[in-house]
Amino acid sequence: MNRLLQNMNPQQQEGIQAVDGPVLLLAGAGSGKTRVITHRIAYLIEERGVLPDSILAVTFTNKAAKEMAERVEKILNHNSLAKPTLATFHSFCVRVLRRDIEALQINGKGLTRAFAIYDETDQQAVVKTALKRLSIDDKTLKPRVVLGRISWAKNHMIDPQQYFLASANPMEEKIAHVFEIYKKELLKANALDFDDLLLETVRLLKSSAEVRERYNRRYRYLLIDEYQDTNHPQYELMTLLAGPEKNVCVVGDEDQSIYSWRGADIKNILEFEKDFPNVRTIRLEQNYRSTQVILEGASAVVAQNTQRKGKTLWTAREGGSLIGYYEAPDGENEALFVADHIRKYLREADGQEGLPRCAVLYRTNSQSRLVEEALRRYNIQYHMVGGFSFYDRAEVKDLLSYMKLALNPHDSIALGRVINSPVRGIGKTTLETLERMALSSGMSTWDAIGAAIKDKLLPPRALTALGNFRRLIEDARAMLEPDFAEKLSADVAGDASLPEGVAEQSEDVSFGFGAASDGELAIAAATEDTGADTSFDTSFNFGFDFGPTEEMSTIAPENAANSDSSQGIDSASFNPFASVASKTKHDKKFPSIVSRRDEETSTPSEVSTSEDRPAFRNPGDPATLPELIKFLNDRSGYIRALEEEATPEAFSRIENLKELANAASDAQERGETLHEFLDHAALISDADSYSEEARVTLMTLHAAKGLEFPLVFMTGMEEGLFPSSRTMVDPTGLEEERRLCYVGMTRAMDTLVMTRARYRRRYGNDMPESSVPSRFLEEVPSRLMEDLGSPAARPQFSTSDYDSGYRGAYATPYPKANRFGSKNFDEGERHYNYEDEDQSGERASRSSSTGKTSANRSMDNIASFFAARGQKITRPAIEVAEPTGKTGLKQGMRVRHPKYGEGIVFRREGDGDDAKITVQFQQHGVKKLVEKFAQLERL
């Protein structure tokens, strides 16, 4: 048997060998689809003689693309110099546009190859500008909402004019006008957002037959991973790249389509046979990840959906532990149960082989707070995916904006971010004047600065500050050209663009070979009399620890020995640019930061290898990435301003800037250009921040897709939370929530625990509200689940190991059993529970002759309190409202409440006037009401 087919099941072998014509691989969760894709690529190269660079494989995350590339390289034993193209949709589109976008220009006008990529912060800045121009208050029409609607329109390939014609209300009309301005501003700034990367690539391939045919000849075999998550532009891109041969293989699972909110269309995979009538459909149904119990439970949930092709997943891992279920009194106890269970798991796993890993999954990021607090209480270190990204930090974005301006000074968003950062005396009035000039003349803000300086349209102080800023950017741009040192040295005498008088007011800008503001360079000042060399030294080492970014951690005792000790920073002796041992190995090659590699459309023989590049930058070559960053840090005065601030936060920000230089050095070693470095920073995602070394990971269910853990907790299994209240009256949305539940369940390899809280705080209410168990719990066969313990069934005990003075905000008696029966979990070592605290002594007694808690007799407690102090309290007379609600309400009926508005009856418990009604209200979520007092009106 061929080595590429060994240890493959029959369906996997078929998926590897079926390489001609369209193929649909329906790959169930944990069925080894990545292994099939990588071996399919290797099979094309080894057995079918296909040139590696004629294969294109596209997926959704950088992490997945990198993993595929490494696997293919390993399978091929590193025998091929040419490589297949494995990329994300967006990074592939960037490659295409960097080479061919100018084919879309009309009469020389349009986007150029030097376009910038705007992230969400940049996009919001453009939207705010458009709202201000239209005199629309950004509090009544929030920029985030506008961006969401613009992104929705782009994902459905709707332009501003079409959006305006389809608008059904004044707000939509306003959004259409903002959309139009937004589009024009991006064009003027030579910028694209993430949606534009796809749209412009599709437009390029549609409008230019020459470009399309070139890529069809180049990429003869196309593989699309996670096809169920593609949107309409991605579908169009796939059909355009498929070409006449249609050797396209799409891999996906309709039961894992969970991204409709960002434009994904499940119809793309459900109707693939309609688009390609001769498609060959192969089902990968053997699961290699989960136990039979977990797999059967997850399959039972997703089987309730109607939008699916259907698969029968099975696994050789028969049996397994039952799916755990825990019903906590409230959200705090739910989190503490999870933390306690994790501590027990980590202790038991310490003596076993392999790294213990577990994940806590939740529907929304806001749910992480309670879990984080509980883990800190137990001193458990954790890693949180989806936190504050390194590239989203203010100082990092500032320096990236400077680098963007070095490439494209007409990027108005980048310019607006750093024109006065650090503060250089360019105030709000000056910026508003420049904005009016740019708007009235149709020029960019950069050109407006040049016009203001030339015609002296602003006060001298403002002109001086603008002149220095313009000189800084022009010098940075000069560094991208050969012989930049001579050009900067020639610039010392003054900038010809500054008007007479303004130039005289400018400060000394000498900087060895270039220009710098007076006092901005401590190095130059310190070495002026000694004759020390102040030229650039590229051997600086930015090896400082810049602290946690996405990872929010506390050091557990068992990890303390391995944790890095934090070192203080001596601000007096701290020199961010001291010459130290080189971080970079001498055998790494350093191409110019503006060199352009056209490997995308060249033959293997044309691709230059690293041996063709010089080991070091020649004196006449353009600056390297680290040199550019050092220059911008020095000349802008950014680090000097932070040093003068001299706070721990400021030094932490300095370390972040150093880490950015580390990233630049790594990019330089990989041979990346400045364009590619900025593209990488813009395209990095939360999914790429997941660390396989983390023992405990916190993330949303959406972020967990594609990952696996031996132990998984799914928290917040309650109606209105999961499934989300927004989908309760939307069958399509509810099916996607069910698919999301299926995704979460199938992340578990060995153990799955699902938890809920009987009471949870919602919408900032003072008192917790009762919750209803998620319908997804009901859909799991009860024979597959076990109750991990009911708090009410446990005896009280003292919790001296914990903070016994901490008491929950809500306490209530609970039934001794639920629908899963009563099976106590871990009788020996119990988790911390507010209900378990010793309430004896000076604390109010919880026992009474009737067995009721003192919380149920709050007026008695208050009266006793004042009586003990010789005071009397008069009980207020409470008027009890007469029952006015309608009786006989049934599940599915629409009702109206005087406070909560309209809703749908979700469940009815009991009969007659004493019946309890659970209602899902559109604006206020799930409420449980006594029908006769509920004042519900049937609609």
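In the predicted model, the charged end of R470 is placed over the ring of W446, at 4.4 Å from the ring centre. A similar arrangement involves R149, whose charged end sits over the ring of W152, 4.8 Å from its centre.

The residue preceding R470 in number, F469, belongs to the largest nonpolar core, which holds 57 residues, and F469 is listed with L400, Y402, M403, L434 and F677 as touching the most other members. Helix α27 (residues 648–669) makes the greatest contribution to this core, supplying 9 residues. When neighbours within four places in sequence are left aside, F469 is in contact with Y402, L405, L415, V418, I419, R424 and I426. A second core, separate from this one, has 43 residues, including C93, V248, V250 and V279.

Aromatic pairs number 9 in the model. In one of them, F92 and Y219 meet edge-to-face, with 5.8 Å from centre to centre and 70° between the planes; this pair joins helix α4 (residues 89–100) to the loop between α10 (209–218) and β6 (221–224), across 127 residues. Both F92 and Y219 are buried, and ring pairs connect them with Y215 in a cluster. F722 and F776 also form an edge-to-face pair, at 5.3 Å centre to centre with 70° between the planes, and these two residues are likewise buried.

S257 lies in the loop between β7 (248–252) and α12 (267–270). Its relative accessible area is 2%, and S257 is therefore classed as buried, a term that requires under 20%. The side chain of S257 reaches the backbone oxygen of Q228 at 3.2 Å, and, beyond residues up to four places away in sequence, S257 touches Q228, D229, I266, E736 and R739.

Methods:
Residues numbered from 1 in each chain as written. Predicted model: local features only at pLDDT ≥ 70, side-chain atom pairs only at ≥ 80, totals over all residues. Heavy atoms only, no water. Helix = DSSP H or I, 4+ residues; strand = E, 2+ residues; numbered from the N terminus. Buried < 20%, exposed > 50% of the residue type's maximum accessible area, 1.4 Å probe, protein only. Polar contact = N/O pair within 3.5 Å; in protein donor to acceptor, adjacent residues only side chain to side chain. Contact = heavy atoms within 4.5 Å. Core = buried A, V, L, I, M, F, W, Y, C linked by side-chain atoms within 4.5 Å. Phe/Tyr/Trp six-rings, centres within 6.5 Å; stacked < 30°, edge-to-face > 60°. Lys NZ or Arg CZ within 6 Å of the ring centre and 35° of its normal.
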